[in-house]
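Please open the model in your viewer, and keep the sequence panel beside it so that you can select residues by number. We will go from stop to stop, and at each one you will be told what to select and what is there.

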Amino acid sequence: MPTADDSSESVDVSTISELTPPDRTLMGPGPSEVHPRVLQAMSTPLVGHLDPSFVEIMDEVQELLRYTFRTDNQWTIPVSGTGSAAMEAAIGNLVEPGDTMLVPTNGYFGGRMASMARRAGGEVVEVDAPWGEPLEPATVSDAVAEHEPDVFGFVHAETSTGVLQPNVPELTAAAHDHDALVIADTVTSIGGVELRVDEWDIDVAYAGPQKCLSCPPGASPLTLSDEAMEKVLSREEDPRSWYLDLSLLEGYWGDERAYHHTAPITNVYAIREALRLVAEEGIEERWARHERLAGALKAGVEGMGLEMNAPDEFWLPSLNAVRVPDGIDDGEVCSELIERYDLEIASGLGDLEGEIFRIGCMGYSARPENVIYVVTALGDVLESLGASVDTGAGVSAVRRALSE
Ligand SMILES: *Cc1c(COP(=O)(O)O)cnc(C)c1O
């Protein structure tokens, strides 16, 4: 029984003001800024999740997702939840108890793959590379030959290190030589850097909406080849998650369109609009824009005297890992940027904690004015904390790169 002083009994609504989030410039590892058209789509009225008009929207989202993933996979859907939900749908359905999954050690998200594979009842084996470096095809080939995994997972764009995995077709070929299915984490690459699911022979790719698609989190892209889906549909034991069981979700996203759970209608509207923007821009033009804008950002930070963490060959345009100068506290820099500039960037994680800044250049955030802003603000804050950087030279380098 609630008592008179039970705080849940009444609330003084005058202490809870109208929602007024600060107006931040988002240049971190996600979420990125949301395009006004997507915000507008999110304020349109709901229809039912089985309404004929919504069924049409579902078809359009699937078609736009295939375009963005560069795939013809019939099995292409937005999973309800954030990128980790699409990740768990991929791993939790592909990995059966007793299966072996090979995962990378070169960043934070390979570790998350391992945790999910273990929870799915799988055995985890590792292919090694240091944080901040990509996987070598030869190392993957050796690991696949040694462990004969059922599933091989890799991270295409490692948001914790700012490294883009090159040579993807060589990695998938190595796995397929030993009949392993390949799961790719494309959360920070989709819509931002070159990604070709079919041409590169990726069996399963999952992604997130709030990075280079510039859409709020809530409905997350997932695609599976027929072969991968065949493994999922012929499992001996049901996957441990009911919510993310793809054989059940097939009832809703497949031909039947039967209720499984209520789709996050508003998030589906949002991703539809975000993907429509991708198609209007053109996927290859979009990749080129990220490279151009992030290239200017990189020129700017290097021009002011900072160093990138990843060598140029593995540079990930959507997430720029910049070395923290000696004697500077990265956390203090991030707080000052929020406080003085309403600007979000992030510090390092795991093995790179305290060593790097992570500066995103994603989707709608990848605009010239944002790049100039982040370089100017970062330079100013670093100078005020005593770092020896030349902010003016950084800004000039951005201007030169943008006018090329
Ligand atoms: C952000 C991210 C995820 C997880 O996505 P959430 O939306 O935070 O659940 C997974 N992998 C990579 C590479 C990411 O950058």
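## Around the ligand

Begin by selecting Lys211 together with the ligand: a polar side-chain atom of Lys211 lies 2.7 Å from an oxygen atom of the ligand. Please bear in mind throughout the tour that this is a predicted model.

Keep the ligand in view and add Asp185, where an N or O atom of the side chain is 2.7 Å from a nitrogen atom of the ligand. Next add Gly83, and look this time at the backbone, since a polar backbone atom of Gly83 is 2.9 Å from an oxygen atom of the ligand. Which residues surround the ligand? To see them, extend the selection to Thr82, Gly83, Ser84, Phe109, Arg112, Ala157, Thr159, Asp185, Val187, Thr188, Gln210 and Lys211.

## Helices α3 and α4

Now select residues 83-94, which form helix α3, and residues 108-119, which form helix α4. The axes of these two helices come within 10 Å and cross at roughly 50°, which means that α3 is oblique to α4. If you turn the view to look at how they pass each other, the crossing of α3 and α4 is a right-handed one.

Show the side chains where the two helices touch: from α3 these are Ser84, Met87, Glu88 and Ile91, and from α4 they are Phe109, Arg112, Met113, Met116 and Ala117. Coloured by class, the residues of this contact comprise six nonpolar, one polar and two charged. Some names will be familiar from the previous stop, for Ser84, Phe109 and Arg112 are among the residues that surround the ligand.

## Two details of the backbone

Move to the loop between β1 (25-26) and α1 (36-41), and select Pro31, which has its place there. Is the peptide bond from Gly30 to Pro31 cis or trans? This bond is cis, with omega near 5°.

Then go on to the loop between α2 (52-69) and β2 (75-81), where you will find Arg70. Arg70 is not a glycine, and yet it has a positive phi of about 60°.

## A residue in strand β7

Select Leu164, which belongs to strand β7, residues 163-164. Leaving aside residues up to four places away in sequence, Leu164 touches Pro134, His156, Val193, Phe314, Trp315 and Leu316. How far apart are Leu164 and Val193 in sequence and in space? They are separated by 29 residues in sequence, while their C-alpha atoms are 9.0 Å apart.

## Helix α13 and its partners

For the last stop, select helix α12 (residues 368-384) and helix α13 (residues 391-403), which pack at an angle of about 165° with their axes 9 Å apart. Angles over 145 degrees count as roughly antiparallel, so α12 is roughly antiparallel to α13. The crossing of α12 with α13 is right-handed.

On the α12 side of the contact, show Pro368, Val371, Ile372, Val375, Thr376, Gly379, Asp380 and Glu383, and on the α13 side show Thr391, Gly394, Val395, Val398 and Leu402. By class, this contact has seven nonpolar, four polar and two charged residues.

Finally, keep α13 selected and add helix α10 (residues 283-303), which packs with α13 at an angle of about 155°, the axes being 7 Å apart. These two helices, α10 and α13, are therefore roughly antiparallel to each other, and their crossing is right-handed. Here Leu293, Ala296, Ala299, Gly300 and Gly303 of α10 meet Ala393, Gly394, Ala397, Val398, Ala401 and Leu402 of α13. The contact of α10 with α13 divides into eight nonpolar and three polar residues, with no charged ones.

Key: Residues numbered from 1 in each chain as written. Predicted model: local features only at pLDDT ≥ 70, side-chain atom pairs only at ≥ 80, totals over all residues. Heavy atoms only, no water. Axes fitted to C-alpha atoms, helices over the stretch in contact; angles between N-to-C directions. Helix = DSSP H or I, 4+ residues; strand = E, 2+ residues; numbered from the N terminus. Parallel < 35°, antiparallel > 145°, perpendicular 65-115°, else oblique. Left-handed = near helix turned anticlockwise from the far one by under 90°. Contact = heavy atoms within 4.5 Å. Nonpolar A, V, L, I, M, F, W, Y, C, P; charged D, E, K, R; others polar. Near = heavy atom within 4 Å. Polar contact = N/O pair within 3.5 Å; in protein donor to acceptor, adjacent residues only side chain to side chain.
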